[in-house]
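Colleague: Got a minute to go through this one with me? I'd like to work through it piece by piece.

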Amino acid sequence: MVKKISIISILFCFAFGIHPQLIEKYQNGIDSYSNGNYQLAIQEFEDILKHDWESPELYYNLGNAYYRQKLVSGSIWAYEKCLTIFPSHKDAQYNLSLANLNVVDKIDLPDLPIYLKWYETIRNYFSLQNWIKLFVISLFLIMLLMTIRKTLYQNWLKSIENIIIIELILIALLCGHSFLESKSNSEGIIYSPVVIAYSEPNEYSSKIVEVHEGLKVNILDNNEDWVNLELLDGTIGWILKSQIREL
Amino acid sequence: MKKLLSIFILIAIGFSQIQVKVNADPKTIYEGDAFTLTVSAENGGEMPNVDLSVLRDFRVVSGPSQSTNMQWINGKMTSSYSLSWTLIPKKVGNLRIPILNINVGNKSFKSKPIKISVLDRSKMNNKSTANSGQKFFIEATVDNKSPYRGEQVTLTYTLYTKTDLSGFDILKLPRYQGFWTQELYSPSNLQLKEAWRGSDKWYASVVKKMALFPTKSGEIKIDPMTAVVGVREKGRRSFFFSSSKEFTIATNELSLNVKALPKTQAGRSGSVGKWNISTKIKSKEIKQDEALSFLITINGEGNIKTVDVQDINFPRELEVFEPEINIKQNELTDKISGSKTIEYILIPRYSGKIIIPSIKLLYFDLGLKKWRTKSTKQIALDVQENGALSSTSIGLTKKEVALLDKDIRYSDESEPNWRRINSPLVSKLVIIIFILSIILYFIPGMLHISRSRLDETKGSRIAKKAYKKSISILVENGNAEEIYSSIHKSLNMFMNLKLNKEVERSSIEIITKIQKQSMDNNLSNNIKEILDRGDAVRFAPVSNEKSKNDIENIKILLKELDQKW
């Protein structure tokens with residue numbers, strides 16, 4: 001079975017361009033994980049990431065390996081990463097909520113109103129890339145229907161076309177929202193056990209807040225060594241770049 | 001004369017010999033007894049400067065004390081400056097005070113070595129000569145010379161004396177490096193009791209007791225303690241004061257061989273001793289959000305201050321406050337023992353059954369010589385609902401609490417969908433579909449244009465054939481009526497083909513159309529003339545010649561019209 005998978009994957013990789021060696025690394029990582037050698041699994045998975053290839057499954061398994069190694073920040077980072085590509089990954093959502101239990105800082109946010117919750121649920125059903133794909137596919141569909149209607153004089157198609165146009169507008173708004181959000185918000189996970197945020201990008205300025213590993217924060221600004229971050233409750237401070245891993 | 005005298009005095013001072021003396025007193029002592037080392041310089045005019053760092057076998061207990069003495073003897077001034085130290089030998093045997101470098105002013109001198117013989121206290125009973133000199137000493141003893149690391153060792157300092165002592169003062173306690181210490185007993189007054197050492201009768205008093213807990217394994221040395229003893233001098237008593245002389249004495253040095261503890265299975269370690277552990281809770285039935293006192297009691301023998309239970313994992317449903325720790329130590333015992341209570345205040349934040357886990361205490365049992373774990377029974381709390389909303393002060397929601405103790409889901413072994421990191425938001429596929437849909441958008445419009453274009457080209461092809469077609473239907477051989485009607489038909493057909501229409505026109509309509517299209521009055525007039533003759537042919541007969549001529553004319557006119565159209 002495994003052999004079959006690897007043969008298929010090697011064939012796949014020729015089609016998509018991933019190096020067979022990386023596929024082997026991935027398989028090696030999975031095997032090490034099931035043998036309990038989590039350290040090696042982490043190493044193999046991170047190595048694939050270093051070669052600029054990613055996949056939601058890889059992030060999910062990396063998260064599991066980090067979790068088993070009791071590296072909370074790593075596991076949260078990997079699960080979050082998995083969910084940015086594949087927001088409806090149920091297992092990753094579940095494991096992320098487990099990993100988040102180990103985060104020291106808990107910032108409580110008020111519950112969203114129900115319509116916003118629905119909206120967010122729908123929006124998080126696909127990643128932005130998939131929403132864009134969906135948008136283009138429905139655009140294509142409309143054009144196809146219109147062409148058929150105009151050339152073959154099938155006027156009954158008009159109603160279907162209208163439904164798709166409404167859908168298209170909704171998707172466009174959704175895409176716009178997601179796109180603006182992804183442009184303005186880059187996020188990161190605190191990676192060091194205890195991090196002190198300063199008011200300016202140097203260690204002499206006053207300390208604002210102490211945060212602990214695993215916390216998800218917004219990154220507002222970046223300079224060479226320092227990162228300006230915003231906590232979910234609105235607190236803003238500077239921390240060293242090495243203390244955070246960007247999502 | 002005065003001048004001469006002053007020169008003499010200067011010479012007398014300048015050339016008087018500087019004498020440096022080094023003296024030790026007494027030169028024969030017992031182990032732990034002190035002696036005085038005196039360095040004096042005569043005629044030097046200032047204090048001698050001595051480097052005592054070369055004294056390896058002796059310890060400086062006090063000093064230096066300075067004294068100055070000036071005398072005029074026979075008109076000569078002698079000055080004497082001296083420094084003295086109290087020294088205690090570090091070992092037994094024939095020791096030597098080595099050559100000392102002494103600086104007086106700019107001059108340096110070297111002393112002669114001095115022999116000091118230190119006698120062993122344990123052999124003193126056999127030596128009758130030493131008996132008289134040895135009147136008192138202090139001894140340091142331990143109850144166990146090879147304890148385990150963390151096991152208590154009791155160190156006792158005992159003063160032995162044969163004479164009447166007026167005072168006793170501890171001068172310097174060692175630093176007890178490598179031990180965790182606690183004082184057990186330190187009397188304010190000497191309580192002398194009879195004690196026999198061999199055949200000698202002594203009066204002994206415990207002056208200090210210490211509990212030592214070795215913090216490392218291997219050989220650890222306990223440095224000597226020094227003390228000052230005041231001895232009443234006989235025969236010199238006055239009514240009010242009893243004169244006394246002070247002596248500095250030191251104890252023997254001790255060394256312990258501390259055994260390492262065997263390794264525990266879990267790799268953790270605990271304390272050493274004999275312990276019992278118990279837990280107590282007021283009531284097992286409480287209400288949600290009500291405070292609850294949870295008491296852990298450890299009692300037994302050992303280092304009570306450092307003994308501690310292993311980490312307690314309280315369930316998350318309980319809010320746990322920092323514990324209050326009380327230590328009660330049993331007094332007046334040589335082995336440190338007592339009880340330690342750890343009181344936790346717990347507040348259950350959720351109703352239902354909450355289990356306080358069993359508390360574990362890992363310790364090295366000295367009796368059994370191995371690690372033991374004592375544990376308590378776990379306690380099940382029955383928490384009644386408060387009625388109020390559950391508080392979130394733990395920072396966990398009910399949903400999150402439900403997740404506790406759950407494990408993560410297993411790895412995903414499905415075939416991964418690989419993609420490049422930072423792959424663009426808009427993939428090539430998206431762009432292709434987008435372009436395709438734009439193309440699709442223009443398809444109906446283009447179809448329409450092409451169809452009308454097609455129609456147009458078809459008409460012009462027909463129009464081009466209009467002249468030939470219309471010529472072909474002209475009847476050349478026939479009566480005039482037939483000829484003229486064929487001319488009319490032919491013109492009508494020409495027009496229909498040119499305009500891509502299918503209509504019957506009257507002669508007037510044909511003429512006006514021709515006039516419009518060709519803009520040539522001459523041409524239209526000529527055609528009008530022929531058509532008029534045709535209209536009139538039924539009423540006014542036209543000769544064959546004339547009609548034939550008209551046929552030829554209309555051919556030329558049609559050609560002309562075709563060109564001008």
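**Where the chains meet, and what lies on either side**

Modeller: Sure. This is a predicted model. Let's begin where the chains join: strand 1 (residues 53-54) of chain A and strand 31 of chain B run antiparallel and are linked by two bridges.

Colleague: Which residue in strand 31 of chain B does Glu54(A) stand opposite?

Modeller: Strand 31 of chain B is the partner, antiparallel to strand 1 of chain A. Within strand 31, the residue facing Glu54(A) is Arg419(B).

Colleague: And which element gives the largest share of the side of chain B that touches chain A?

Modeller: In total, 30 residues of chain B are in contact with 41 residues of chain A. On the chain B side, the elements giving two or more residues are helix 3 (398-403), strand 31 (419-420) and helix 4 (428-472). With 10 residues, the largest share belongs to helix 4 of chain B.

Colleague: How many residues of each class are on that side of chain B?

Modeller: We're still on the side where 30 residues of chain B are in contact with chain A. By class, the side of chain B that touches chain A has eight charged, five polar and 17 nonpolar residues.

Colleague: Over to chain A. Is helix 4 roughly parallel or roughly antiparallel to helix 6?

Modeller: Helix 4 (residues 56-68) and helix 6 (residues 90-100) of chain A pack with axes 11 Å apart, at an angle of about 25°. Angles under 35 degrees count as roughly parallel. That makes the relation of helix 4 of chain A to helix 6 of chain A roughly parallel.

Colleague: Which residues of helix 6 of chain A are met by helix 4 of chain A?

Modeller: The crossing of helix 4 past helix 6 in chain A is left-handed. By class, their contact has one charged, three polar and four nonpolar residues. From helix 4 of chain A come Tyr60(A), Gly63(A), Asn64(A) and Tyr67(A), and in helix 6 of chain A they meet Asp91(A), Ala92(A), Asn95(A) and Ala99(A).

Colleague: Why does Asp31(A) count as partly exposed?

Modeller: Asp31(A) sits in helix 2 (residues 20-34) of chain A. A residue needs 20 or more C-beta neighbours within 10 Å to be buried, and 12 or fewer to be exposed. Asp31(A) has 14 inside 10 Å, so it counts as partly exposed.

Colleague: Now chain B's sheets. Which are the edge strands of the open sheet of four strands?

Modeller: The order in that sheet is 1-3-6-5 (chain B), with antiparallel pairing. The twist averages 15° from one strand to the next. Pairing on one side only are the edge strands, strand 1 (19-25) and strand 5 (58-73) of chain B.

Colleague: Which residue of strand 6 of chain B stands opposite Thr36(B)?

Modeller: Strand 3 (residues 35-42) and strand 6 (residues 76-89) of chain B are antiparallel partners over eight bridges. In strand 6 of chain B, the residue opposite Thr36(B) is Thr86(B).

Colleague: Last one: in the open sheet of three strands, which residue of strand 9 of chain B faces Val104(B)?

Modeller: That open sheet has the order 4-8-9 (chain B), with antiparallel pairing. Strand 4 (49-50) and strand 9 (107-110) of chain B are at its edges, each with a single partner strand, so one side of each lacks a neighbour in the sheet. Strand 8 (residues 101-104) of chain B is joined to strand 9 of chain B by four bridges. Opposite Val104(B), in strand 9 of chain B, stands Lys107(B).

How values were computed: Residues are numbered from 1 along each chain as its sequence is written. Chains are lettered from A and ligands numbered from 1 in the order in which they are written. This is a predicted model: local features need pLDDT of at least 70, side-chain atom pairs count only at pLDDT 80 or more; totals for chains, interfaces and linings use all residues. Two strands pair if DSSP finds at least two bridges between them. Axes are lines fitted to C-alpha atoms, for helices over the stretch in contact, and angles run from 0 to 180 degrees between N-to-C directions. Two residues are in contact if their C-beta atoms, placed from the backbone, lie within 7 Å. Ala, Val, Leu, Ile, Met, Phe, Trp, Tyr, Cys and Pro count as nonpolar, Asp, Glu, Lys and Arg as charged, and the others, Gly among them, as polar. Angles under 35 degrees count as roughly parallel, over 145 as roughly antiparallel, 65 to 115 as roughly perpendicular and the rest as oblique. A crossing is left-handed if the near helix is turned anticlockwise from the far one by less than a right angle, and right-handed if clockwise.
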